[in-house]
Amino acid sequence: MAADGRDGKRASVDPRMLELLACPLTKGPLAWDPERGELVSRVAKIAYPVRDGIPIMLPSEARVLSAEDVLSPPRLSGPS
């Protein structure tokens, strides 16, 4: 499953912005999942979508992580 923006390019998040963002629910760190184009809060077990390079940090827009997502963290990456 590719994470595409409206222009067909793969979505991404600026690493500097990732360092500044925090989960609105837990105030904890977020990890970038490039495969799904989401910012993941492992503590809250939810993933926020990124649309056209803009993180949608609304809990109502977040996807609840499945047990498989929680158990397979290697694809997640944080700031360099």
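A polar contact is taken here as a pair of N or O atoms within 3.5 Å, one of which must be able to donate a hydrogen and the other to accept it. By this criterion, in the predicted model described here, the side chain of Asp33 makes a polar contact with the backbone nitrogen of Arg36, at 3.4 Å. Asp33 lies in strand β1, and, with a relative accessible area of 1%, this residue is buried, because the cut-off for burial is a relative accessible area under 20%.

The chain as a whole contains 2 helices and 5 strands, arranged along the sequence in the pattern α-β-β-β-β-β-α, with the strands thus placed between one helix and the other. Of its 80 residues, 35% are buried, and the accessible surface comes to about 5100 Å², with carbon and sulfur atoms contributing 57% of that area. Among contacts with a separation of 6 or more, 42% join residues that are 24 or more positions apart.

The loop that leads from β1, residues 31-33, to β2 includes Gly37, which is buried, its relative accessible area being 4%. Although Gly37 and Pro49 are 12 residues apart along the chain, their C-alpha atoms are separated by 6.5 Å. Pro49 also takes part in the pairing of the strands, since this residue of β3 stands opposite Glu38.

Strand β3, which spans residues 46-51, is mostly covered, 5 of its 6 residues being buried, and it is paired with β2, β4 and β5, as set out in turn below. With β2, strand β3 runs antiparallel and is joined by 4 bridges; the hairpin formed by these two strands has 4 residues between them, and in this hairpin Lys45 adopts a positive phi near 60 degrees. With strand β4, residues 54-55, the arrangement is again antiparallel, here with 2 bridges, and Val50 is found opposite Pro55 of β4. The hairpin of β3 and β4 has 2 residues between its strands, and Asp52, located in the turn, has a positive phi of about 55 degrees. Strand β5, residues 63-64, is likewise antiparallel to β3 and is joined to it by 2 bridges, with Ile46 standing opposite Val64 of β5. In a regular strand, the side chains alternate between the two faces of the sheet.

Ser41 belongs to strand β2, which comprises residues 38-41. The relative accessibility of Ser41 is 0%, and the residue therefore counts as buried. The side chain of Ser41 reaches the backbone nitrogen of Ala44 at 3.3 Å, a side-chain to backbone approach that may be set beside the one from Asp33 to the backbone nitrogen of Arg36. When neighbours within four places in sequence are left aside, the residues in contact with Ser41 are Cys23, Thr26, Pro29, Leu30, Ile46, Tyr48 and Leu65. One of these, Ile46, is the residue that stands opposite Val64 in β5, so that, with contact meaning heavy atoms within 4.5 Å, Ser41 of β2 touches a residue of β3 that is itself placed across from β5.

Conventions. Residues are numbered from 1 along each chain as its sequence is written. This is a predicted model: local features need pLDDT of at least 70, side-chain atom pairs count only at pLDDT 80 or more; totals for chains, interfaces and linings use all residues. Side-chain values use heavy atoms; hydrogens and water are left out. Buried means under 20% relative accessible area, exposed over 50%, partly exposed in between (1.4 Å probe, protein chains only). Accessible areas come from the Shrake-Rupley method with a 1.4 Å probe; for residues, only the protein chains shown count as cover. Two strands pair if DSSP finds at least two bridges between them.
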